[in-house]
Amino acid sequence: MEFVTALADLRAEASCPICLDYLKDPVTISCGHNFCLSCIIMSWKDLHDSFPCPFCHFCCPERKFISNPQLGSLTEIAKQLQIRSKKRKRQEEKHVCKKHNQVLTFFCQKDLELLCPRCSLSTDHQHHCVWPIKKAASYHRKKLEEYNAPWKERVELIEKVITMQTRKSLELKKKTESPVTRLECGCRVSAHFNLRLPGSSDSPASGSR
């Protein structure tokens with residue numbers, strides 16, 4: 001309750017008295033009150049001699065306002081706190097029994113249903129196995145791990161087989177490529193020497209004859 005009150009007070013401090021929303025680009029005028037920059041500009045748009053505060057009606061002698069970045073940071077904090085408060089409230093509402101408005105603290109193993117203390121004692125679950133939520137969560141987590149274990153082992157085995165097959169394939173590829181490469185090199189060397197050997201059919205001397 002204290003948190004809710006403090007959050008409401010913080011939101012009031014971080015709100016613009018003109019648009020009643022969170023301050024945007026907050027500025028402070030001569031009387032000390034804070035407004036959105038765009039709101040105070042629109043409020044004083046057609047004024048020339050005096051500029052009354054929209055909140056306390058104090059007449060400011062000139063069209064002057066000071067940027068307040070600290071209040072801008074405070075406004076952002078207030079926004080985040082309100083968002084978190086709403087999320088927490090929604091979560092609490094989800095975990096409350098709609099029938100008895102009590103927190104759901106038990107779990108029925110047969111019906112696979114979350115129960116509040118009063119529901120757990122009702123005739124609907126009288127002969128059912130009803131556990132505290134923490135115990136039920138631990139039990140089902142363990143069951144899920146046991147169920148997943150064989151599949152996890154199979155996946156690991158398949159990954160090992162794929163790795164071995166890939167390695168063998170690469171080794172085989174290297175072995176099949178090596179003789180061909182050596183043969184090509186040998187052919188090039190042989191052709192090179194044949195061009196220079198006397199009496200070779202491809203030599204320049206034999207061609208002149």
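Hi everyone, let me start with one residue: aspartate 25 counts as exposed, because its relative accessibility is 58% and the cut-off for exposed is over 50%. Please keep in mind throughout that this is a predicted model.

So where does aspartate 25 sit? You'll find aspartate 25 in the loop that links α1, residues 2–13, to β1. Its backbone is worth a look too: phi is near 50°, a positive value in a residue that is not glycine.

Now hop along to histidine 57. Here phi is near 65°, again positive in a residue other than glycine. Histidine 57 belongs to the loop between β3 (51–52) and β4 (59–60). Is histidine 57 buried or exposed? With a relative accessibility of 58%, histidine 57 counts as exposed.

On to the sheets. A quick reminder for anyone new: strands in a sheet pair through backbone hydrogen bonds, in either a parallel or an antiparallel way.

One open sheet has 3 strands in the order β2-β1-β5, paired antiparallel. At its edges are β2 (34–36) and β5 (66–67), each of which pairs on one side only. If you zoom in on β1, residues 26–28, you'll see 2 bridges joining β1 to β5. Which residue of β5 is the bridge partner of threonine 28? That partner is isoleucine 66.

Another open sheet, also of 3 strands, runs in the order β7-β6-β8 with antiparallel pairing. Why does one side of β7 and of β8 lack a neighbour in the sheet? Because β7 (113–115) and β8 (130–132) stand at the edges, each has a single partner strand, and one side is left free of a neighbour. On average, neighbouring strands in this sheet are turned by 35° against each other, ignoring direction. Strand β6, residues 106–108, pairs with β7 over 3 bridges in the antiparallel sense. Within that pair, cysteine 108 stands opposite glutamate 113 of β7.

Last stop: the inside. The largest nonpolar core has 13 residues, and the members that touch the most others are Cys16, Ile29, Phe35, Ile40 and Trp44. Two elements, β2 and α2 (37–43), each give two or more residues to this core. Take cysteine 16 from that list: setting aside neighbours within four places in sequence, cysteine 16 is in contact with Asp21, Leu23, Phe35, Cys36 and Cys39.

There is also a second, separate core of 6 residues, including Cys97, Leu104, Cys108 and Cys116. You've met Cys108 already, as the residue opposite glutamate 113.

Thanks for listening!

Note on methods: Residues numbered from 1 in each chain as written. Predicted model: local features only at pLDDT ≥ 70, side-chain atom pairs only at ≥ 80, totals over all residues. Heavy atoms only, no water. Pairing = 2+ DSSP bridges. Helix = DSSP H or I, 4+ residues; strand = E, 2+ residues; numbered from the N terminus. Axes fitted to C-alpha atoms, helices over the stretch in contact; angles between N-to-C directions. Buried < 20%, exposed > 50% of the residue type's maximum accessible area, 1.4 Å probe, protein only. Core = buried A, V, L, I, M, F, W, Y, C linked by side-chain atoms within 4.5 Å. Contact = heavy atoms within 4.5 Å.
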